[in-house]
Amino acid sequence: MVTADGIEGARELDPEALSALIADPEPATTHALAAEADRVMRREVGDTVYLRGLVEFSNHCRLDCYYCGIRRSNTAVKRYRLTRQEVVDAARHCAEAGFGSLTLQSGERRDEEFVRFVCDLVREVKEATRGPDLPDGLGITLSVGEQSLHTYERFRAEGAHRYLLRIESSSPALFARLHPAAQRFEERRAALRRVRNAGFQVGTGVMIGLPGQTAADLAEDIRFFAAEDIDMIGMGPYIPHAHTPMGAGTGLDATGRTRLLDMSLRMVALTRIALRDVNIAATTALQALAPLGRERALRAGANVLMPIVTPQAVRASYRLYDGKPCTDEDANECGTCTAARAARTGRPVGVNVWGDAPHARRRLQHTAARGAGSGAADE
Ligand code: 5AD
């Protein structure tokens, strides 16, 4: 049950209040939290839904995360990399559709050829999308993993201004069970801090419903977002992939799917209530649990949708989990469908705007004021 004390506790990041609400499976609880989150969203960031076209430009990956379908050891995956032209075409499509922002995502590589390729993509997308409607071109978000501060600075210098790097779980013990020993929690968190020091707006997130994950772990995830002063959150349910160590032989029945979707919605709502002025994405994985999963997140405090604009021919090769939606569609259909999804919630859709989170604007203004002349960016 949601009480005024419970909401107040969540607002103050009280671990017990958060975990009690996360663990409460009553539909009335999910409903009440969504309603409160919707109020907070309207007051703090407005009711506009912002769109970011998502280009999954390569599935080559040096990492071997135990949950992920494109992990290095999955030899069943056909590896691909889009050409610069293909990425620029997808970006133009987004600009013409009025999306305002683009997210470039891939598996993780750190070699110079890859870093240069990403720099080229950012520069060319910017050049190709500047125009009367978008004087600064599309807003560009990168999601290409853990890199050095120097690399992050190079990406930033080319004009990308937001970066997504999920912590996956803020529990070091759980993180260790999800990844080979060489992938360390402390290193992921350090990379997240480098992203911020390079001058990016910072996005992170977690998976919900991981084996062994408790409500207390999820409460800590929300406290982690606050402690790291995060600007953007993308969270979704963990969904098994059959060709991974964690996913083999597992699956969810209908009841399990409903429970997981509801818990994910409570996480979205509580994150909005606790963090207030951030951007929160209604992620694709929610739609793997229910056809209207993303819409429900938009009604529970989320304000960002990321239509997939990856060319149809390679979509099936970017399957992070089984049953990933939208793999049969092409960019046009995803654009139309996403706009329809946003419209169905009765909210305005941001057209030709970047849609940065007020939190990021406040944080960066603050940093600029404090860091003037002190070389704070060199940290
Ligand atoms: N289920 C849900 N999300 C997944 N991701 C990777 N594998 C899965 C899975 N099996 C998410 C991770 C990653 C993001 C790009 O996709 O959180 O950061």
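**Exercise 1. How many residues does helix H10 have, and what does helix H10 reach from its first C-alpha to its last?**

Before we start, please note that this is a predicted model.

Step 1. Helix H10 runs over residues 254-275, which gives it 22 residues.

Step 2. From the first C-alpha to the last, helix H10 reaches 31 Å, close to the 32 Å expected at 1.5 Å a residue.

Step 3. Now look at its surroundings. Of the 22 residues of H10, 17 are buried, so this helix is largely enclosed by the rest of the structure.

Step 4. Finally, see what comes after the helix. Arginine 276 follows H10, and its phi is positive, near 60 degrees.

**Exercise 2. Describe helix H9 in the same way: its span, its buried residues and what follows it.**

Step 1. Helix H9 covers residues 215-227 and has 13 residues. Its reach from first to last C-alpha is 18 Å, close to the expected 18 Å.

Step 2. The buried residues in H9 include Asp217, Leu218, Ala219 and Asp221. Ile222, Phe224 and Phe225 are buried in H9 too.

Step 3. Aspartate 229 follows H9, with a positive phi near 55 degrees.

**Exercise 3. Find the salt-bridge partner of arginine 11, and say which parts the pair ties together.**

Step 1. The structure holds 36 salt bridges. In one of them, the side chain of arginine 11 meets that of glutamate 36, at 3.8 Å from N to O.

Step 2. Arginine 11 belongs to helix H1 (residues 4-11) and glutamate 36 to helix H3 (residues 27-44), so the pair ties together parts that are 25 residues apart in sequence.

Step 3. Compare the two ends. Arginine 11 has a relative accessible area of 29% and is partly exposed, whereas glutamate 36, at 13%, counts as buried.

**Exercise 4. Work through two further salt bridges, those of aspartate 47 and aspartate 277. Is each aspartate buried or partly exposed?**

Step 1. Aspartate 47 meets arginine 42 through their side chains, at 3.7 Å from N to O.

Step 2. Aspartate 47 is partly exposed at 26% relative accessibility. Arginine 42 is partly exposed as well, at 41%.

Step 3. Aspartate 277 forms a salt bridge with arginine 362, and their closest N and O atoms are 2.6 Å apart. This pair links distant parts of the chain, 85 residues apart: aspartate 277 sits in the loop between H10 and strand S8 (279-282), and arginine 362 in helix H15 (residues 358-371).

Step 4. To classify aspartate 277, recall that buried means under 20% relative accessible area. Aspartate 277 has 9%, so it counts as buried. Arginine 362, at 46%, is partly exposed.

**Exercise 5. Which residues share a network of salt bridges with glutamate 108?**

Step 1. The network links glutamate 108 with Arg62, Arg110, Glu146, Glu168 and Arg188.

Step 2. Glutamate 108 lies in the loop between strand S2 (100-106) and helix H5 (112-129), and at 5% relative accessibility it is buried.

Step 3. For a sense of distance, take arginine 123, which is 15 residues from glutamate 108 along the chain. Their C-alpha atoms are separated by 20 Å.

**Exercise 6. Locate a patch of negative charge on the surface, and place one of its members.**

Step 1. Asp328, Glu329, Asp330 and Glu333 gather in such a patch.

Step 2. Take glutamate 329 as the member to place. Glutamate 329 is in the loop between helix H13 (312-315) and helix H14 (331-344).

Step 3. With 30% relative accessibility, glutamate 329 counts as partly exposed.

Conventions. Residues numbered from 1 in each chain as written. Predicted model: local features only at pLDDT ≥ 70, side-chain atom pairs only at ≥ 80, totals over all residues. Heavy atoms only, no water. Patch = residues over 30% accessible without salt bridge, like charges linked within 9 Å, V, L, I, M, F, W, Y side chains within 5 Å. Areas by Shrake-Rupley, 256 points an atom, 1.4 Å probe, with all protein chains shown as cover. Salt bridge = Lys/Arg side-chain N within 4 Å of Asp/Glu carboxyl O. Lys, Arg positive; Asp, Glu negative; His and termini not counted. Charge placed at Lys NZ, Arg CZ, Asp CG, Glu CD. Helix = DSSP H or I, 4+ residues; strand = E, 2+ residues; numbered from the N terminus. Buried < 20%, exposed > 50% of the residue type's maximum accessible area, 1.4 Å probe, protein only. Expected span 1.5 Å × (residues − 1).
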